[in-house]
Amino acid sequence: MFHSAGAAQYNTRMNGEAAANENWGIIGHDWAVDRLRRSLLNGRQRHAYLFTGGPSLGKSALARAFALALNCEAVDIAARPCRHCRSCGAIARGSDPDLILAQSDDGAPLKIGAIRELSRVLALKPYAARYRIAILDEFDRVAPLAQDALLKTLEEPASFAVMILLASSAERILPTIRSRAQMIPLRPAPLQLIKAALVERGCEAERAEGIARLSGGRIGWALAALEDEALLAYRGETLDQLSAVLGGGRLARLKLSEELSKRVGGDKAALREVLEIWQTYWRDVLLQCHGSPVKPGNSDRADEIRALVQRIETGDALAALHATRRALDALSTNANIRLSLDALFLDYPGLG
């Protein structure tokens, strides 16, 4: 129990921290914001960070907010990012030469040449900011040899260089890199928090509830769905495709594989979106196979999922989830899209 004066001081401090955290503009990851903010306040920021979590959880948004805070010109460290200074404005506009967004033009993983060039640029002094910051998206898709090319920069970092690696999982990151980076594992945000954020943005409560449930805790996806109705329609069409695959025989599945491969063409990023949606579906199926009380993230497909659970074994659901993950991994290589889809569809349960 706090004494009255102590309680007042505590509440004042907590309210001040909440207000400062709000300036980061991050929803559902207060603990991560607080950890990063405290490292700045204590002058203990690291030269490398690894933000992990599934797609659309907010890794990129958190990385950009941290970049703002690192280079903000506000005198009061606790007020960073101020979002008003020259540096904050340049980062927000995407015109800051000291912020490097490392990604390939064709959606493929970064190659070893790009990693080496990034290391060279990070060794150069910043143009105008406090730090030269590099954000490397989907680093878990980068080949081990290319990851290894970053090791020297991690072992002997320039005092003004900061790297933020983003990955769905730390499992595919080399241990030598993981050990040299501050881990920030992001988790799905509570559905009520997502719903409240949507309502605050003018969404009607019932619709906000539906989007929040379909988001599966992915705040980035929920905010995008609020702005773009086509995203919800696309998700429905994608799950209808999966239902067609599961309802078809061998020849029907191969035909559907051909149709999907033609539809996406050589666009691996488009196919990745499809497979990630299917992955959420199989997670829901696996949870239901185990009798989990957790409501399916794909709540609008609850009846369909329950019916599927009656027809397959738990091992089938797990195998389907692993097969989808393998297909996603194959997109990081030179694997043929059509052959990958053929293998995936034939691995899915229901052929008997």
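In this predicted model, R83 is situated in the loop that links α3 to α4. Although R83 is not a glycine, its phi is positive, at about 65 degrees. With a relative accessibility of 39%, R83 is classed as partly exposed, because the buried class ends at 20% and the exposed class begins over 50%. The loop between α3 (residues 59-71) and α4 (residues 86-93) also contains P81. The peptide bond leading from R80 into P81 is cis, its omega lying near 0 degrees. Both kinds of feature merit mention, since most residues other than glycine have a negative phi and most peptide bonds are trans.

A positive phi in a residue other than glycine is also found at S56, where the value is near 65 degrees. S56 belongs to the loop between β1 (residues 48-52) and α3. Its relative accessibility of 34% places S56 in the partly exposed class.

Helix α9, spanning residues 191-200, has three buried residues, namely I194, A197 and L198. These residues lie on the same side of α9, because the arc they cover around the axis is only 100 degrees. Such an arrangement can be read from helix geometry: an α-helix has 3.6 residues a turn, so residues three or four places apart point the same way. On the face of α9 turned away from this buried side are the exposed residues Q192 and E200. The buried residues of α9 pack against two helices, α10 (residues 205-215) and α11 (residues 219-227). Just after α9, G202 adopts a positive phi of about 95 degrees.

Two packed helices are described by the angle between their axes and the distance between the axes. For α9 and α11, the axes come within 10 Å and cross at roughly 30 degrees. The two helices are therefore roughly parallel, the limit for that class being 35 degrees. The crossing of α9 and α11 is right-handed. On the α9 side, the contact is formed by I194, A197 and L198, while α11 contributes I219, A222, L223 and L226. By class, this contact of α9 with α11 comprises seven nonpolar residues, with no polar and no charged residues. I194, A197 and L198 thus appear both as the buried residues of α9 and as its contribution to the contact with α11.

The pairing of α10 with α11 has its own geometry. The axes of α10 and α11 come within 9 Å and cross at roughly 135 degrees. The relation between α10 and α11 is therefore oblique, and their crossing is right-handed. The contact involves R207, I211, L214 and S215 of α10, together with W221, A222, A225 and L226 of α11. In terms of residue class, the contact of α10 with α11 has six nonpolar residues, one polar and one charged. A222 and L226 of α11 take part in the contact with α10 and also in the contact with α9.

Further along the chain, D267 occupies the loop between α13 (residues 250-264) and α14 (residues 268-289). At a relative accessibility of 39%, D267 is counted as partly exposed. D267 and L331 are separated by 64 residues in sequence, and their C-alpha atoms are 9.9 Å apart in space.

Technical notes:
Residues are numbered from 1 along each chain as its sequence is written. This is a predicted model: local features need pLDDT of at least 70, side-chain atom pairs count only at pLDDT 80 or more; totals for chains, interfaces and linings use all residues. Side-chain values use heavy atoms; hydrogens and water are left out. Buried means under 20% relative accessible area, exposed over 50%, partly exposed in between (1.4 Å probe, protein chains only). Helices (H or I, at least four residues) and strands (E, at least two) are DSSP runs, numbered from the N terminus. The arc is that of the directions from the helix axis to the C-beta atoms. Contact means heavy atoms within 4.5 Å. Axes are lines fitted to C-alpha atoms, for helices over the stretch in contact, and angles run from 0 to 180 degrees between N-to-C directions. Angles under 35 degrees count as roughly parallel, over 145 as roughly antiparallel, 65 to 115 as roughly perpendicular and the rest as oblique. A crossing is left-handed if the near helix is turned anticlockwise from the far one by less than a right angle, and right-handed if clockwise. Ala, Val, Leu, Ile, Met, Phe, Trp, Tyr, Cys and Pro count as nonpolar, Asp, Glu, Lys and Arg as charged, and the others, Gly among them, as polar.
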